[in-house]
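I opened my notebook for this one with a short list of things to look up: the strands, the charged pairs, and one residue that caught my eye. Here is what I wrote down.

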Amino acid sequence: SNENNDDTTKELDSTTTSHEEDSIKIPGAQSGGKKLAIIFTCTVCDTRSIKQFTEHAYQNGVVIVQCPKCQNKHLIADNLGMFTDDNWSLEDAMKEAGHTMKTV
C-alpha cells in the first residue's frame, strides 16, 4: 500500500540525517563514500526489500542486488559493459519504458 511506501521512505530519509548510531542498518555497502539505496520488489518472488550501494559503483561500476528470499540477482547498473553492450542503469531502463522512479 502507499501508506507502507511512505513509511519506508521516511525511515530511509531518517538514516541520511541522523547520527550513525541512531540510524537503521540497510543491507549492502557500509563503507566507500556516499551511499545510495533502492527499495525494490523482486520480479521472481514479489519480496520487497531495501539494499544500499555506493554512488561510485552506481555511476561508474556494476551494481547487482540479491533478493533476500529467493536469492535471485537483479542488475541495477552496468557501467562497465559486463552484462550489456552499452552503459545501463535501472533508472534509464524505467524512463525508456515510460515508468517513473521516485528519487528520495
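**Entry 1, the sheet.** I began with the strands, keeping in mind that this is a predicted model. I found an open sheet of three strands, ordered S3-S4-S5 and paired in the antiparallel sense. Which strands stand at the edges? They are S3 (62-66) and S5 (88-89); each has a single partner strand, so one side of each is left without a neighbour in the sheet. As a reminder to myself, strands of a sheet pair through backbone hydrogen bonds, either parallel or antiparallel.

I then looked at how S4 and S5 meet. S4 covers residues 73-78, and its antiparallel pairing with S5 runs over two bridges. I also noted a facing pair: Asp 78 is opposite Trp 88, which sits in S5.

**Entry 2, the salt bridges.** How many salt bridges does the structure hold? I count two.

One joins the side chains of Glu 55 and Lys 34, at 3.9 Å from N to O. This pair links distant parts of the chain, with the two positions 21 residues apart in numbering: Glu 55 belongs to helix H2 (residues 55-60), while Lys 34 is in the loop between helix H1 (2-17) and strand S1 (35-41). I checked accessibility for both partners. Glu 55 is partly exposed at 24% relative accessible area, whereas Lys 34 counts as exposed at 54%, because the cut-off for exposed is over 50%.

The other is formed by Lys 95 and Glu 91, whose closest N and O atoms are 3.8 Å apart. Here the partners are both in helix H3, and because they are four residues apart, about one helical turn separates them. Lys 95 is exposed, with a relative accessible area of 56%; Glu 91 is partly exposed at 26%.

**Entry 3, Met 101.** Glu 91 turned up again when I looked at Met 101, so I followed that thread. Where does Met 101 lie? I found it in the segment after helix H3 (90-96). Setting aside neighbours within four places in sequence, Met 101 is in contact with Leu 90, Glu 91 and Met 94. I also took the C-alpha separation of Met 101 and Glu 91: the two are ten residues apart along the chain, and the distance is 7.0 Å.

Is Met 101 buried, partly exposed or exposed? Its relative accessible area is 37%, so I put Met 101 down as partly exposed, since buried means under 20% and exposed over 50%.

Definitions and conventions:
Residues are numbered from 1 along each chain as its sequence is written. This is a predicted model: local features need pLDDT of at least 70, side-chain atom pairs count only at pLDDT 80 or more; totals for chains, interfaces and linings use all residues. Side-chain values use heavy atoms; hydrogens and water are left out. Buried means under 20% relative accessible area, exposed over 50%, partly exposed in between (1.4 Å probe, protein chains only). Contact means heavy atoms within 4.5 Å. Two strands pair if DSSP finds at least two bridges between them. A salt bridge is a side-chain nitrogen of Lys or Arg within 4 Å of a carboxyl oxygen of Asp or Glu.
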